[in-house]
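Biologist: I am new to this structure. Please take me through one part of it closely, and set that part in its surroundings.

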Amino acid sequence: MDIRTIQTLKEVSDQYILPGSLKAFTQCVNGHVNDTYRVLLRIDNHTEKEYIFQRINDYVFKEPIKVMRNIKEISVHTRPKITKDTCDIITFFNNKAGNNYTIVDGDYWRVCYFVKNSVAFDFVEDSKILYSAGYAFGRFQELLSDLPMNRLFVTIPDFHNTKKRLDAFFEMVSLDPLGRAKDVKEEIKFFEEQRELASTLVDLLDKGELPLRVTHNDTKYNNILMDQDSLEPLCVIDLDTVMPGLATYDFGDAIRFAANTAVEDEPDLSKVGLNIEHYEEFTRGFMTACQGSLTQKEVDTMALGAVIITIELASRFLLDHLNGDKYFRLHRPNHNLDRARCQIKLAKDMLEQYDTMCEIVNKYA
């Protein structure tokens, strides 16, 4: 075992009222941002208990205290509403000082229970899983639909301001620091053609026609813990990006991830498209869970959210390609270009199936 890590985990544990002493730990390697450890505490010779200890990456999250205050706010708000039959939202313990985070050697740490008999999926074909994921994120919306927005910090300003994202993209096109724009003229033309459409949700928000909601902002189905036997949703996790936003973006980002017929960086564009069956299963779960908590305008623009956020992400990938790949991590040459083209192809397929997408939303709303 790493002696330094053991000492750090002990120091974190000492700042909480936890039973027992550190027996063992395992680092979880499937996360991309924070450092996560599955920690086993021995209470006595016959009893042990498992927890999750997580170090917040304060390079990515510049204001971790605001992140944790947002998480505490939604935890306090939802706690009275949670029953044993309700999909939960991950809750972090308060330390001895009453904070849901603790600081050790300048690092921000948090602690929660390890959810037993749970599993998260990075790739699925089972429609039951898509329904469960949709239900979990829809339930997240429903549980928090009455939380006043002034109780949350905006931790990442303009995170899903598609209009500003596209403004930044076209500014990079004009700068073209590496001379790459000449090779992506067709892709640039796509964004020119879709620029007005991609601004629709921001314009509706500015006009007051769409309400701000508590949004998760990373609604991939691998952020849902499910019962490994029944596949029922147990818990929504990864709350670092929770803040005010649009429910349509949360729905749309989930669809972009869950209903693509390929991975988001697939270079063979013939494999890329919208799986309408997966789309329907996720939508059925989402709309069933949040029924009654959405406005008619939100329902009317739900499918549009999937199209727009796919365009937004495509523009971010291509901007990074034009700028020398400084933001998104590369695993092969032209990786960001592959990602951008994949998302453009997905967005085009969504536009072709858009009427059907809207019909499915209305079917379950």
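Modeller: What follows starts with the whole protein, then moves to helix 9 and the core it helps to build.

A caution comes before the details: this is a predicted model. The protein has 11 helices and 11 strands. Its radius of gyration is 21 Å, close to the 21 Å that the globule rule gives for 365 residues, so the protein is as compact as a globular protein of that length. The C-alpha trace spans about 65 × 50 × 40 Å along its principal axes. Of the 365 residues, 54% are buried. Take the contacts with a separation of 6 or more: 73% of them join residues 24 or more positions apart.

Now the outside. The protein exposes about 17,200 Å², and carbon and sulfur atoms supply 48% of that area. Its side chains include 44 positive and 57 negative ones. The centres of these two sets lie 4 Å apart.

Next, the inside. In soluble globular proteins, nonpolar side chains tend to be buried together. Here the largest nonpolar core holds 91 residues. Ile-74, Phe-191 and Tyr-279 touch the most other members. Which helix gives the most to this core? Helix 9, residues 296-322, does, with 12 residues. Another core, of 15 residues, lies apart from the largest one. Leu-9, Phe-93, Val-104 and Trp-109 are among its members.

Look closer at Phe-191. Leaving out residues up to four places away in sequence, Phe-191 touches Leu-166, Phe-169, Phe-170, Ile-311, Ala-314, Ser-315, Leu-318 and Ile-344.

Helix 9 also holds Leu-313. Is Leu-313 buried or exposed? Its relative accessibility is 12%, and buried means under 20%, so Leu-313 counts as buried. Leu-313 touches Arg-256, Glu-264, Phe-328 and Gln-343, again not counting residues up to four places away in sequence. Thr-301 is 12 residues from Leu-313 along the chain, and their C-alpha atoms are separated by 18 Å.

For contrast, turn to Asp-203. This residue sits in helix 6, residues 200-206. Its relative accessible area is 25%, so Asp-203 is partly exposed. Phe-169, one of the residues that Phe-191 touches, makes a useful reference point. Asp-203 and Phe-169 are 34 residues apart in sequence, and their C-alpha atoms are 18 Å apart in space.

Methods: Residues numbered from 1 in each chain as written. Predicted model: local features only at pLDDT ≥ 70, side-chain atom pairs only at ≥ 80, totals over all residues. Heavy atoms only, no water. Helix = DSSP H or I, 4+ residues; strand = E, 2+ residues; numbered from the N terminus. Rg over C-alpha atoms; globule rule 2.2 N^0.38 Å. Buried < 20%, exposed > 50% of the residue type's maximum accessible area, 1.4 Å probe, protein only. Contact = heavy atoms within 4.5 Å. Areas by Shrake-Rupley, 256 points an atom, 1.4 Å probe, with all protein chains shown as cover. Lys, Arg positive; Asp, Glu negative; His and termini not counted. Charge placed at Lys NZ, Arg CZ, Asp CG, Glu CD. Core = buried A, V, L, I, M, F, W, Y, C linked by side-chain atoms within 4.5 Å.
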